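Please look over the structure below with care, following the chain from one domain to the next before turning to the ligand. The report after it takes up these two topics in turn.

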Amino acid sequence: MLGFAAALFFGWSKPAAQLDGQAYDWLFATSQTPGWQAHSALLAIDEASLIEMGGPRNLRKTLAEVLPRVCAAKPTAVAVDLMLSTIEDPQTDADLAKAFAQCPSVVLGADIVRKDSIWEEPIAAFRQTSAALAHVHADPDPVSRRIPLEKAVNQKRYWALALEAFRLSKQAGPILESPDDLNVGLTRIPAARATARSIYINYVPSSIPQVTIKQIRHQPEAALQFSNKVVFLGYTDQSAARDRLMTPMGSLMTGVEIHANLFETLHQGIFVTDAAVTLPVLFTLVAVAGAGLIFVFLSGSLAWAAAALWLILVHLAPRLLFSNQIFLGPSMLLSGVWLATIVSASFHYFVIRKQWQKSEADKTRYQQAIHFVTHEMKTPLTAIQGSSELMTRYKLNEDKQKQFAQMIHSESKRLASMIQTFLDVERLAEGEMNLKQDNFALASVLLASLDRARVLAERKEMTLDVGAIPTSQITGDKELLEYAFYNLLNNAVKYSPERTGIECHCSLNDGKVHVAIRDYGMGMDSNDLKKIFDRFYRSKRAEESGISGTGIGLSIVNEIVKQHQGRIEVESELGKGSVFTVILPFAQGPSLDSDIGNANQRTTTAR
Ligand code: ADP
């Protein structure tokens, strides 16, 4: 829809009209058919003729001498693309009028002067000898693609020079008019009144034959070229450059030759017409809908191939129509189909890509989750397995049996709670679980996770220093928060070398409790910091260090803290260490001062 609306908007704009003009030129230049035979010839007033006759002031005298020779060859009409509107030497004018009188069907040129308000016509002496007057107006914009067949000012209308010459050569009666066309004899010309009866000139493939005035003077037999043809008399010399106009073939042409080409168009009776206004709109609608539907119903390489084929077909449409003499300005159609293709293709591309990325991420996530669960379960399972094996294989005393049974019980409980936590976190992340809303002391959660982490720290001979813990009450899920703090402490131990220290520091700020866990381990760079909360992300350093991990822990911690209306801040420097700060709101309780005042000062050293 967007593509269609934009195409309509663009298609009716001025730049589109210019592009359509150029498209016409290209279509025209690449589809000219040979096999044409001239039915007109130019009687050219070229440079050499002008020099010989002594300049334009002797033109009438020369024409009076030359025309009888030309007309002796029996042309079918003589179209004069000259302005003969002034009286010059009476004798010469009389001679020329006499020469015109010896010619069949002379058409004399008239033009509009003084800002389109008055006709400039031939003088009476010539008018009397002519069969018709006609306008010699070409209509370049800036290329002479069309010529208006009628021109009217001051309530006086003249047909085009070529049209009158055509009518006279066919010895047809008056031109019959209807709103949509003109009829000359049996020829119907699709020239609508709405377009000032303008038609496209079907330029002939090679140039119109021409004979110069000088040639006629020196080789009178050259006039035979005009036999049975329409003579177009006019200037072709360089100084008539003003009268050289651009053609759709990209070359300049004199006005008189353009008139002769219009005549040839009329004579051939093959007319290119503009497509009806509704046609480009309809074509654009179909093209846009096609491009859209391809990407709705097809996908992958099939969609791309179909889209390419559709584009080719749509591009061929104007050419196909043109070979049937219908010109459809392609800018609306092509801008529409391209826009629709680009929009649909990009939409398709991004949707498919997103789907693919999501399915890939889901796959990896699933694999990682399995890995994580199996890895975490291994330790308690090994303990259970070992204890039960010992119990069955050896005859143990009651105390030992009790000890192993307790171990099996506590490890299976741990296993069950681990599975529960994992499932809870998964459901929490999917937004499927409501958080427990218990009130408990921050210290109880923190100390529990610190106790668990201490076991790990001891193995690496690390110190674990804990500052004052406020007595603040937290509302939420105790087990999940313990899991979160334990995870951060576990990472601090995991990603630090042996015999370094870990510090846990609490503070109150803006009604929130800040728990900072600092280590002096491998640290992370700024790129890692942007990604560590993404599921399964592991820093390159962590991967290369051989420390086992799944990259899932921090995403879970982050989710838990977020569910408690808190946030996590991280500062880190490569090789120097990291500080993870959990910021949580606390429930109504003792004042901040008394919180800090009552804090228990503890330092745990596990060296
Ligand atoms: P895991 O530790 O299982 O890889 P986490 O989600 O807990 O997964 O951590 C993600 C990544 O963040 C780790 O792989 C590591 O690269 C980095 N990371 C987390 N904590 C620290 C830390 N204290 N020091 C350095 N890097 C850390």
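Between domain 1 and domain 2 of this predicted model, two residue pairs are in polar contact, both at pLDDT 80 or more. Salt bridges, by contrast, number zero across the interface of domain 1 and domain 2. On the side of domain 1 that touches domain 2, the residues divide into three nonpolar, one polar and no charged.

To place these two domains in the chain, it helps to know how the protein is divided: domain 1 covers 3–10 + 277–361, domain 2 covers 34–274, domain 3 covers 377–429 and domain 4 covers 438–605. The contact between domain 1 and domain 2 takes four residues from domain 1 and six residues from domain 2, while the C-alpha centres of the two domains lie 47 Å apart.

How much area is buried between domain 1 and domain 2? The area is about 400 Å², and carbon and sulfur atoms give 62% of it. Of the area that domain 1 buries against domain 2, Phe 322, Gln 325 and Phe 327 supply 91%, which is more than any other three residues.

The ligand is the second topic. There are 21 residues around the ligand, and those that come nearest are Tyr 495, Arg 538, Ser 539, Thr 550 and Leu 554. The table lists polar atoms of the protein together with their distances from an oxygen atom of the ligand.

| Residue | Polar atom | Distance to a ligand oxygen atom |
|---|---|---|
| Lys 494 | side-chain | 3.1 Å |
| Tyr 495 | side-chain | 2.6 Å |
| Gly 553 | backbone | 3.2 Å |

Taken alone, the ligand exposes 530 Å², and the protein buries 98% of that area.

Technical notes. Residues numbered from 1 in each chain as written. Predicted model: local features only at pLDDT ≥ 70, side-chain atom pairs only at ≥ 80, totals over all residues. Heavy atoms only, no water. Domains from an automatic or database assignment. Contact = heavy atoms within 4.5 Å. Buried area = accessible area lost by both parts, 1.4 Å probe. Salt bridge = Lys/Arg side-chain N within 4 Å of Asp/Glu carboxyl O. Polar contact = N/O pair within 3.5 Å; in protein donor to acceptor, adjacent residues only side chain to side chain. Nonpolar A, V, L, I, M, F, W, Y, C, P; charged D, E, K, R; others polar. Near = heavy atom within 4 Å. Areas by Shrake-Rupley, 256 points an atom, 1.4 Å probe, with all protein chains shown as cover.
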